[in-house]
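Visitor: Could you pick one part of this model and take me through it closely? I'd like the packing around it, and then any backbone oddities elsewhere that deserve a look.

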Number of protein chains: 2
Amino acid sequence: MAGCFVPGARAASRCDELGEPPYSEAAGRLTRRFLTPAHRAALDTLSGWMTEAGMAVRLDAAANLIGRYEGRTPAAPALMIGSHIDSVPNGGRYDGPLGVTLGIDCVQALRDAGRRLPFAIEVIAFGDEEGSRFPAAMTCSRAVAGRADAAMLAMRDAAGCSLADAFAAFGLPQTEPATAARRPGELLAFLEAHIEQGPVLEAEDLPIGIVTAIAAQKRLAVRFTGVAGHAGTTPMRLRRDPAPAAAEAILAVERICSGGEAGLVGTVGRMSAYPGGFNVIPGAVEISLDIRAETSAARDAAVERVLAEIDAIAARRGLGASSELLQALPECACDPALIGRLGVAVQAVGVTPRRLPSGAAHDAMSLAALCPTAMLFIRCAGGVSHNPAEAVRADDCALAALAMLAFIDILERDGLEQGGPEGLE
Amino acid sequence: MAGCFVPGARAASRCDELGEPPYSEAAGRLTRRFLTPAHRAALDTLSGWMTEAGMAVRLDAAANLIGRYEGRTPAAPALMIGSHIDSVPNGGRYDGPLGVTLGIDCVQALRDAGRRLPFAIEVIAFGDEEGSRFPAAMTCSRAVAGRADAAMLAMRDAAGCSLADAFAAFGLPQTEPATAARRPGELLAFLEAHIEQGPVLEAEDLPIGIVTAIAAQKRLAVRFTGVAGHAGTTPMRLRRDPAPAAAEAILAVERICSGGEAGLVGTVGRMSAYPGGFNVIPGAVEISLDIRAETSAARDAAVERVLAEIDAIAARRGLGASSELLQALPECACDPALIGRLGVAVQAVGVTPRRLPSGAAHDAMSLAALCPTAMLFIRCAGGVSHNPAEAVRADDCALAALAMLAFIDILERDGLEQGGPEGLE
């Protein structure tokens, strides 16, 4: 439907467009890891869309693509809108990119209406949020928030490539990602639109919702070490096999997290036995842990119980066990004044403003260190995400774009300092 | 010690020589998979050693290296001596190659003594026994025994390369491995010397032993399928996660095989979660199974119990489960007459002839379809194998070479048909 620009609906179809090669590393599925050729292809196309929407485009030192739509005065502070464009392996099309394409649609709607605001708008496409290539997540939004560090650059992907080398191979100075940091005064606020990735909005028949806070999470790598040996000649009683130990640990994660409070979840998404031969008793087994809860205290209590179980399993089986904390993110509240304004905007487009927490981490967590943040959730089919079956409705996305534009109107009218109306929920 | 040739001791040190690059795919460890550059390098060096020992060398259509030492008459039937030269990932130096270098030492001792026998001797280096690159084992000895098939050629390695393509890349006609098959009359017998890979000889303070039979084994790939999803937003009670199901299966394998008869062992050497993201509930988990017992009946009873458990686990958790039988090998007895002759040979070098079964599979299992087979076990430190710590004593290897030469003497004197002395154990 060339020539027929429906803000939001176009944003969703653009995510579909980005779901195939060259924007994916593999045909028939979407895998777009940080600093890969698929990432580069997505940057090129998004850059074109941003330019077409009237933005000045640049790539920052941490491989974030930023399109800027100036306000009435040059160099005004900006409302930043965006999300990430990397995906988990074999992931969905909307988790991340929809927040970027919605931002582009909002700017294009303003430009088409000939409107300039008292603030600039910047649309940002973060290069890495999922941590799907390197073992820590939100590398890019942390860099923007001034939280990049040297240790980050030493991280290695599964092929042994360091983040520093990956930046260099992408044509970026490998020592400079920290220079992507923004000064606090540069950004008025950060608004992230994102699919819910959970079942709440669908269950309540609502197209969009307002995020109150993001859950606390920890990522750990756990390693059991035993004695490798021949699968045929080592009697069962003489084995020191880390595989059954890891199995017990996986079941302990499930048991402990199932018995906890509502928001507690624990996941083992990776498991590997080394050396990995059919006929070799493993010498080591590694599993990943991702544990989240509504509060850091609840999360840490669960992590401690899991680690105590792991030590007990290893001791009982005469094995070694170690764990490495790869990431710890506290719960992160969205800004109360912005939550209020977003509620007014959602109501303005005819939707009951539903507030809900996020079990998933988002780039808004990083940006909260720099400026007030707000998040708009969009209903997704069955709550399914990180999966090719991930789906959104075009009319939900159109409502999301309208709510975002209404939010921008409210910011223009009321500014940021006055605090918004409360008690709308 | 140039000029000082101690048969057997040299065989062991030659295995050490083959334990480093270019004979390994990685520095600091031994990984030599079938049809890799490391395999090629080993062939080149072994070919030189065979030539130096007086053999005519050829590479057969299944990438087996064969050195032939003619008997008194040309084209006489041969005693074949050998083993495999591939390794498991990060394996030991003697598992396989020692049986080849011992064969070369035996021929060199005969040649140095100016002896020709009424039969030829062929020393063979099988290219694949471990199945470390492709999902089935003993590809090469099965080809020699006339048991190669088209399905074998379609097998793919972890990188997606088919065996047919791997042969072609190695410079061999990809459709011809079946032509490596030998006619029954060509081979008088097959003798394989191999490290024990278990603790029995060491426990009884014996340097070498005589194998009676090889255990029955099955290899299976098991896959649990559930629903992939976001690790943060899917409540524990709504998950259909294959990881805890695989964990229960791993523990069932351990429990069932630990409770079985003495020779029963079960191993999970590989495990993978897909798609494999830290923050993704897996959609599928695959584990490998290797189950062995002294008889096919005992093995099959254990496999059936494990598969029944797997079905029950999947049903209880609302998951899919499937298993694929990749390989089934019945127990395989060595030839009684050759066992007797090998016993006389072992006694002749001053060692009590200890008979024992093999929990590990060996190329001799394949050759048993073609000719009578015998196996000589060599003590290894701690019974450790498939591990860089694998070790042998040079004096044990020297005794092994002497026993093999004595065995050849007995074959020359008594022939093969008369049956050997029994009751020596």
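Guide: What follows starts from one helix, goes through its neighbours, and ends with a few unusual spots in the backbone.

Some bookkeeping before we zoom in. This is a predicted model, where local features need pLDDT of at least 70, side-chain atom pairs count only at pLDDT 80 or more, and totals for chains, interfaces and linings use all residues; side-chain values use heavy atoms, with hydrogens and water left out. Residues are numbered from 1 along each chain as its sequence is written, while chains are lettered from A and ligands numbered from 1 in the order in which they are written.

The part I'd pick is helix 3 of chain A, residues 97-112. Helices here are DSSP runs of H or I with at least four residues, strands are E runs of at least two, and both are numbered from the N terminus. With 16 residues at 1.5 Å a residue, helix 3 of chain A should span 22 Å, and its end C-alpha atoms are indeed 22 Å apart, so the two values agree. (The expected span is 1.5 Å times one less than the number of residues.) Helix 3 of chain A is mostly covered, with 14 of its 16 residues buried; buried means under 20% relative accessible area, exposed over 50% and partly exposed in between, using a 1.4 Å probe and protein chains only. Just after the helix, G114(A) takes a positive phi of about 70°.

So what packs against it? Take helix 1 of chain A, residues 9-17, for a start: its axis comes within 8 Å of that of helix 3 of chain A, and the two cross at roughly 140°. That makes the pair oblique. On the conventions, axes are lines fitted to C-alpha atoms, over the stretch in contact for helices, and angles run from 0 to 180 degrees between N-to-C directions. Under 35 degrees is roughly parallel, over 145 roughly antiparallel, 65 to 115 roughly perpendicular, and the rest oblique. The crossing of helix 1 and helix 3 of chain A is right-handed, meaning that the near helix is turned clockwise from the far one by less than a right angle (anticlockwise would be left-handed). Helix 1 of chain A brings R10(A), A11(A), A12(A), R14(A) and C15(A), and helix 3 of chain A answers with P97(A), L98(A), T101(A), L102(A), I104(A), D105(A) and Q108(A). Contact means heavy atoms within 4.5 Å. By class, this contact has seven nonpolar, two polar and three charged residues. Ala, Val, Leu, Ile, Met, Phe, Trp, Tyr, Cys and Pro count as nonpolar, Asp, Glu, Lys and Arg as charged, and the others, Gly among them, as polar.

Next comes helix 12 of chain A, residues 394-414, whose axis comes within 10 Å of that of helix 3 of chain A and crosses it at roughly 60°. At that angle, helix 3 and helix 12 of chain A are therefore oblique, and the crossing is right-handed. Here L98(A), L102(A), G103(A), C106(A), A109(A) and L110(A) of helix 3 meet C397(A), A400(A), A401(A), M404(A), L405(A) and I408(A) of helix 12. This contact has eleven nonpolar residues, one polar and no charged ones.

Chain B offers a pair to set beside this. Helix 1 and helix 3 of chain B pack at about 140°, with axes 8 Å apart, and their crossing is right-handed. Among the residues that meet there are R10(B) and R14(B) of helix 1 and D105(B) and Q108(B) of helix 3.

Now the backbone oddities. Most residues other than glycine have a negative phi, and most peptide bonds are trans. In chain A, a cis peptide bond joins Y274(A) and P275(A), with omega about 10°; P275(A) is in the loop between strand 10 (271-274) and strand 11 (280-281). In chain B, P21(B) and P22(B) are also joined by a cis peptide bond, with omega about 10°, and P22(B) is in the loop between helix 1 (9-17) and helix 2 (37-52).

For positive phi outside glycine, look at A75(B), with phi near 60°, in the loop between strand 2 (65-69) and strand 3 (78-84) of chain B. A75(B) counts as exposed because its relative accessibility is 68%. D205(B) has a positive phi of about 60° too, and its place is the loop between helix 7 (200-203) and strand 6 (208-214) of chain B. At 59% relative accessibility, D205(B) also counts as exposed.
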